[in-house]
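Student: I should like a close look at one single part of this structure. Would you please set out its surroundings in a connected way?

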Amino acid sequence: MIYQNWMSYIKDDVKLKDVIIPSAHNAGTRGMMAMACCQDGTLKEQFEYGIRHYCLRLKDDRKTGKIIICHGLSKGIEFEEALKYLKEAMDENPTEFFILDIREYQPQEIGPITLRYHADPKKIDELLKKYLDPEKNALTEFNHIGDVTMGDIRKSGKRFLMINYAREYKYSVDCPAIIPWTAKRHGKRAYEFVTEATEFFDTDKTDGIYWFQTQQTPNIGVDIGMTTPRKLDRHIRWHFMAIINTIANTPRFLESANVIAGDFMTEDYFKSKEILLLNLKKDNVIADKRDEFEKELKQYA
């Protein structure tokens, strides 16, 4: 199925920063309380829907001593379980490469109180070694991530890039990467958000990984008020194509497009399909596989 091996259709000379990659925003929040849940699928299921970029926010569980995935105060699965899913996906799909963005959950201000989260880097390294074998599989040796091509990755045999701006983990790298986001813009009404969101491509620049967010943020400014990510997603899905079409039809936006994230990426193939089809518009797909790439993606939509 093409969503499991879509990277095999990308030309060798295309740089990683130019591949258009579906991403799961808050990838590990399956099963969390409604206000924190942004995904329904396991990480393996997300992989099977074409996701190749995962953001996982971690903290220590004081009761169990385990590293767990969190979204603020909400607790999710153990990090070990998430890594098991990624290992299965990696082992079963040898043509694919993914980006793993892991870090402690950022300090969170609630009124006058600042909540701080901690996740033991040594425990994280141990789990990464056990399941993903970063000595063998992590891409770490390059001069600049902006120059790395898909051909370079294939020749190296590496399977993932682990981004962490503080290089907290043994095989993590601090490469240029941006996540443009503002509470004001992402908290606007849907028609305003989808009109203004792509303006980030003009105001925020990088020669590395560009992580573009298509989901709204719970905020009193959105159409349906302060609500859950699921309800927001059901509302924004009707407007999602406006974002995709703007990127597709604006050459400077398409040139910058790289990682494109959303909530509830396994509800259906709609978001992944439209994100991946942008690779055709960007001329990233091997010439004699273009028709097959498009046909196969649309078959499951």
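Tutor: What follows describes one residue and the cavity beside which it is placed, Thr42.

This is a predicted model, in which local features need pLDDT of at least 70, side-chain atom pairs count only at pLDDT 80 or more, and totals for chains, interfaces and linings use all residues. Residues are numbered from 1 along each chain as its sequence is written, and side-chain values use heavy atoms, with hydrogens and water left out.

Thr42 is found in the loop between strand 1 (21-24) and helix 2 (43-48); helices (H or I, at least four residues) and strands (E, at least two) are DSSP runs, numbered from the N terminus. Thr42 counts as buried because its relative accessibility is 7%; buried means under 20% relative accessible area, exposed over 50%, and partly exposed in between (1.4 Å probe, protein chains only). The loop between strand 1 and helix 2 also holds Met35, which counts as partly exposed at 37% relative accessibility.

Leaving aside residues up to four places away in sequence, Thr42 touches Arg30 and Tyr85, a contact being heavy atoms within 4.5 Å. Arg30, Thr42 and Tyr85 are also among the residues that line the largest cavity, including Gly41, Leu43 and Ile77. A cavity is a set of points on a 1 Å grid over the protein atoms alone where a 1.4 Å probe fits but cannot get out, and lining residues have an atom within 4 Å of a point. The largest cavity has a volume of about 60 Å³, a volume being the space filled by probe spheres set on the points, which are joined across faces, edges and corners.

Note on methods
1 Å grid on protein atoms, 1.4 Å probe; cavity = no way out; pocket = protein on both sides within 12 Å on 5 of 7 lines; lining within 4 Å.
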